Amino acid sequence: MSLFRGKKILLGISGGIAAYKTPELVRAFIKQGAEVRVLMTPSSKDFVTPLTLATVSQNPVYSSLIAEDHDNPTWNNHVELALWADYFLIAPATSNTLSSMAQARCNNIVLAAYLSSKCPVFVAPAMDLDMFSHPANQKNLTILLKNNVIVLPTEEGFLASGLEGKGRMPEPEDILTHMENHISKTLPLFGKKVVITAGPTYEPIDPVRFIGNNSSGKMGLELAKRAAELGARVILISGPSAINIADNSIDLVSVVTADQMFENAKLHFNDADIFIASAAVADFKPEASYLQKIKKGTGFNKINLVPTPDILAYLGSIKKNQFLLGFALETENELENAKEKLKKKNLDAIVLNSLNDEHAGFGGDQNKITYIQSNQAPLSFELKSKTEVAFDIFVQILKTYEKLY
Ligand code: CTP
């Protein structure tokens with residue numbers, strides 16, 4: 001999953017040869033799930049066409065401060081566009097554009113949007129090697145850095161002049177990587193390890209039968225995605241799940257039984273910062289699992305059950321600085337039972353899932369939760385998608401976590 005998923009990217013293009021790479025740049029952002037709007041300086045249109053960029057971005061492209069309708073001129077709202085963006089990238093950023101930015105000059109829509117922006121602004125300088133190393137350009141870059149502009153590195157290689165050296169704009173994928181590296185360091189869970197258990201566990205009776213439950217693992221996956229978006233390193237310990245968990249920002253540990261989930265939870269708990277137990281762990285397992293399929297007519301009619309380890313209770317008993325969050329699935333005396341579990345398992349917080357709420361819980365895409373912490377009034381949320389529920393849960397976790405650590 002990408003940090004750009006759902007983000008709004010404003011791309012400003014200035015007039016250098018590297019502008020020919022910008023349609024690919026737009027595509028790369030869109031591929032990562034971002035929305036892109038493009039602003040162009042007039043001279044950049046000599047290198048790449050507005051039609052190409054409007055087509056790949058699927059949005060109108062603006063290259064002047066005023067809409068070019070002679071009978072009915074209107075203002076292209078650079079302020080609105082600047083405030084719309086989560087991130088503003090100027091690529092390529094020419095010597096002319098960088099010096100104008102450093103001097104607060106405002107004679108085109110890219111510069112006007114830059115001066116109106118409040119979001120993080122990235123520039124990808126692109127010019128000939130001597131121009132790039134000229135003290136005037138280096139001075140301008142220092143001014144921009146002081147003004148909180150993030151200057152992306154230039155690459156060495158063949159330049160349009162025929163010379164070879166430093167000044168090339170990085171390839172689109174590399175620009176995204178540089179931006180991601182920077183953005184991830186500003187996220188609230190950067191450098192933190194979040195471990196999440198999810199899904200059901202299957203306790204084998206014989207090689208083809210098991211004791212299990214209807215948990216889909218969706219809630220755990222959404223929590224894992226949200227933790228990754230917040231910058232954490234995420235380990236998702238998941239029982240058998242039909243949903244697709246392939247996501248390069250999540251380390252997936254696939255398990256089948258409660259015992260396997262327990263072993264992996266212990267392995268990852270010591271250096272975890274936040275541990276969330278959202279798995280629906282089977283409470284009982286067959287005392288013995290048959291190696292061969294049990295045949296009809298053998299008189300088999302009874303399974304002896306023994307308890308599985310209570311993973312969360314064990315982690316609560318050895319916990320040091322970890323923030324430990326559990327789930328409670330209740331059908332009666334919900335609040336009371338959930339509060340009891342919070343205390344008994346030594347948790348920092350517990351999320352109550354009620355199976356009495358229609359559409360909420362186990363297999364579906366929605367959930368209705370109450371977030372409970374000791375010494376605080378329980379916080380009840382509306383029925384929401386599991387993506388939104390994961391968002392709400394992390395808002396609550398961060399409120400406490402940031403105070404504690
Ligand atoms: N849990 C766990 N290991 C178990 C059972 C539960 O880690 N063997 C965790 C769940 O992941 C959840 C919390 O404990 O975060 C509560 O699970 P729940 O099924 O609601 O309660 P139980 O502890 O199993 O108790 P009961 O079935 O009696 O309600």
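Q: Which residue stands opposite Tyr62 of strand 3?
A: Leu39 stands opposite Tyr62. Strands here are DSSP runs of E, at least two residues long, numbered from the N terminus; helices are runs of H or I, at least four residues long. This is a predicted model: local features need pLDDT of at least 70, side-chain atom pairs count only at pLDDT 80 or more, and totals for chains, interfaces and linings use all residues. Residues are numbered from 1 along each chain as its sequence is written, and side-chain values use heavy atoms, with hydrogens and water left out.

Q: Why are strand 2 and strand 3 called paired?
A: Pairing requires that DSSP finds at least two bridges between the strands. Two bridges join strand 2 (residues 35–40) to strand 3, so the two strands pair. They run parallel.

Q: What makes strand 3 and strand 6 edge strands?
A: Each pairs on one side only. Strand 3 covers 61–62 and strand 6 covers 150–151. They belong to an open sheet of six strands, ordered 3-2-1-4-5-6, with parallel pairing.

Q: Which strands does helix 2 touch?
A: Helix 2 (residues 50–57) touches strand 1 (8–13), strand 2 and strand 3. Touching means contact, with heavy atoms within 4.5 Å. The direction of helix 2 makes about 165 degrees with that of strand 2. Such angles run from 0 to 180 degrees between N-to-C directions, with axes fitted to C-alpha atoms, for helices over the stretch in contact.

Q: How do you know that strand 17 pairs with strand 18?
A: Six bridges join strand 17 (residues 323–330) to strand 18 (residues 349–354). The bridge partner of Leu329 in strand 18 is Asn353. Both strands lie in an open sheet of eight strands, ordered 13-12-9-14-17-18-20-21, with mixed pairing. Its edge strands are strand 13 (250–254) and strand 21 (379–380).

Q: Why is Thr370 called buried?
A: Buried means under 20% relative accessible area, with a 1.4 Å probe and protein chains only; exposed means over 50%, and partly exposed lies in between. Thr370 has 12% relative accessibility, so Thr370 counts as buried. Thr370 is found in strand 20 (residues 369–372).

Q: What makes the pair Thr370 and Ser380 a polar contact?
A: The term needs a pair of N or O atoms within 3.5 Å; within protein, one must be able to donate a hydrogen and the other to accept it, and residues adjacent in sequence count only if both atoms are side-chain atoms. The side chains of Thr370 and Ser380 make such a contact at 3.3 Å.
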